[in-house]
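Student: Hi! Could we go through this structure together?
Tutor: Sure, let's bring it up and take your questions as they come.

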Amino acid sequence: MAVVETRNLTKVFKEGHLGAVNNVSLETREGEFLVFLGPSGSGKTTLLRMIAGLENPTSGEILIGGQVVNNLSPRDRRIAMVFQSYALYPHLSVYKNIAFPLKAQKVPRDQHQKKVEWAAGLLGIGALLERKPRELSGGERQRVALARAIVREPAVFLLDEPLSNLDAKLRASAREELERFHRSVGTTSIYVTHDQVEAMAMGDRILVLNKGVVHQLGTPTEVYDDPADTFVATFLGSPPMNLAELGDVIVGFRPEHFLPAVNVTGETVPLQLKVENTEYLGSEWIVSGALVGGKLNAKKVVSRLTNAQHLQLDGVYDFVVPARTLKFFDRSTQKRVNATGVTWQ
Amino acid sequence: MAVASARVKSVAAAQSPYLSTAMFAPAALYILLLVGGPFLLAIFYAFSDARIGNTELHYVGLENFHSILQSPSFRVAIRNSLVFTIGSQIVVLICANILAIALENSFRGRGIIRFLILLPWVAPISLGAIGWKWLLDSIYSVISWILVALHFYKPFNAPMWLGEPVLAMASVMLVHSWRIIPFSTVILLAGRTAIPKDIPEAASVDGAGFWRTQFQIVIPMMRPILSVAVLFGLIFTFTDLTVVYILTAGGPFDSTQTLPSLAFAMGIQGSDLAAGAAISLFLVPLLVILAYFMLRVARRSEVN
């Protein structure tokens, strides 16, 4: 097990263009499950590939277990990687796929079988060892890829969107399995995804990236409840946080904190909502509309309610936001600032 | 692709039952006239005593085959054909693989180098062979001149590239390899590009070095396309006449005489059409086997 650290890591693919990864410094904790989260093109995969040694950084350092590994080839970094496509070797049986890293690392031959069976047993694919990858389902392929990664007990696990090729139903169970797997092996893992649900569910901490820049590194609670800037605030959460400009600050409130006035006690900010659309999603309702009156007249906002049956289209209702749930951001830097005296009316 | 062509076929068939037949006819006709006709004629001649300039023709049974099998030059030609074909295919495979690896990743000037490598394939084979004949000439050879200038050999003592049996065979093989390499390179390059980048990357993360990645992952994955390159190469080489004929005409002392060049020498130059036809018929069983494997490879890659 080891800690991965990057220092001012930068990758510029084309000279004169914006970097894919810009000045990223981070440090994992021992045995932690760290998630790189960002939209496509945010540089999260490039960052992972640099850590793996598949991409050379333009500048900056990568350390694994305290040792600078910039000049080490992937094979010397003691890492294992699970690719988005799984990258199983199609001409080899499952057994040979899993044994390949052992062969490549010159592990004595008499240990191969024991180790392959251990890895396969851990992932419940002991019965598939003679099959070829093309004879496996998506979920089984993913497990083979994981078994191939775990078999030589790497110091660090790198996972590049390993669930994105699975259908929605399978994804939930594969996610759970992956969590259980991580708990049982306890290896430091870095997991790349664009799916905030995966990130929230699995990450010990989440690194939020956009355009190659780190926006925030924190636990799921921190990035959700205390977003560092407007990007994090809107990227996490579905529907995203409502943002409204008021003078020099941007005020943000989550849809689940924008509620009919009758339900809320304590210090609140009163607002009036003209309902324009309601969506019933089973366990909740998404109500969208525009604010009425005050400085924020006609501002589009969204509310998430457990019950919205009583709301009529085009009706105007009294809504409130609990004052303690409000977030404030600087208008020019988009960064989080402390609560200031904001005049709403 | 298989799906697309099937759809095209069914659309065409729906328009008119004759359309697909009509589209297919020129190719079928071409093969029947230019391959089937001469093939039947060769079988016919092989059982006769046909000679150039002789209008009479008699059935002689297996006599031609009988006398060919007795002839020492025929046995030498079979051995030479195998050496020539297998030897140059080995050279081609090694060189084409190296070139394909080198050309896989982009670098400055890759386009020009690709073009230069492809040049021997697009140039007329006879012109290329004549060029090589001069390069390997016993008196004017540029290669010998360079070797002498570098003091590897004394003046007038350089090897006779086309004049000594072993060297002549080696020269013929290398020139033919030079000719086939571009073709194989292009096929192998396509095969390499078709392998998802993830897979060699996964191998390198798994701890494999360059050789292990090539020999245990990439090349086995290229097996279908590799066999296409090999089968085409074998057929091109086995049936080749031009390089041997221009460089050595089969000499010295039949040391580079292959089946096609022997058939040409006996049948056309020696006027013994019947013997030439019989010799070329010996090519058929070998080519049928190769064709069978080619069709199998083609069908398998269609399924995948």
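**Confidence and the interface**

Tutor: This is a predicted model, and among the elements of chain A, strand β3 (residues 33-37) of chain A has the highest mean pLDDT, 95. Helix α5 (residues 168-185) of chain A has the lowest, 86.

Student: And what is the mean pLDDT of chain A?
Tutor: The mean for chain A is 89, with 98% of its residues at 70 or more.

Student: OK, new topic. How many residues of each chain are in contact?
Tutor: On chain A there are 23 residues in contact with 16 residues of chain B.

Student: What area is buried between them?
Tutor: About 1,700 Å² is buried between chain A and chain B, and carbon and sulfur atoms give 59% of that. Y89(A), H91(A) and F100(A) supply 29% of the area chain A buries against chain B, more than any other three residues.

Student: How many salt bridges are there between chain A and chain B?
Tutor: The count is two. R148(A) forms a salt bridge with D206(B), where the closest N and O atoms are 3.4 Å apart.

Student: And how many residue pairs are in polar contact across the interface?
Tutor: Eleven pairs turn up between chain A and chain B, with both residues at pLDDT 80 or more.

Student: Which element gives the most to chain A's side?
Tutor: That is α2(A), with four residues. Both β6 (79-82) and α2 (94-104) of chain A supply at least two residues each to the side touching chain B.

Student: What classes of residue are on that side?
Tutor: The side of chain A that touches chain B has 14 nonpolar, three polar and six charged residues.

Technical notes. Residues numbered from 1 in each chain as written. Chains lettered and ligands numbered in written order. Predicted model: local features only at pLDDT ≥ 70, side-chain atom pairs only at ≥ 80, totals over all residues. Heavy atoms only, no water. Contact = heavy atoms within 4.5 Å. Buried area = accessible area lost by both parts, 1.4 Å probe. Salt bridge = Lys/Arg side-chain N within 4 Å of Asp/Glu carboxyl O. Polar contact = N/O pair within 3.5 Å; in protein donor to acceptor, adjacent residues only side chain to side chain. Nonpolar A, V, L, I, M, F, W, Y, C, P; charged D, E, K, R; others polar. pLDDT = per-residue confidence, 0-100.
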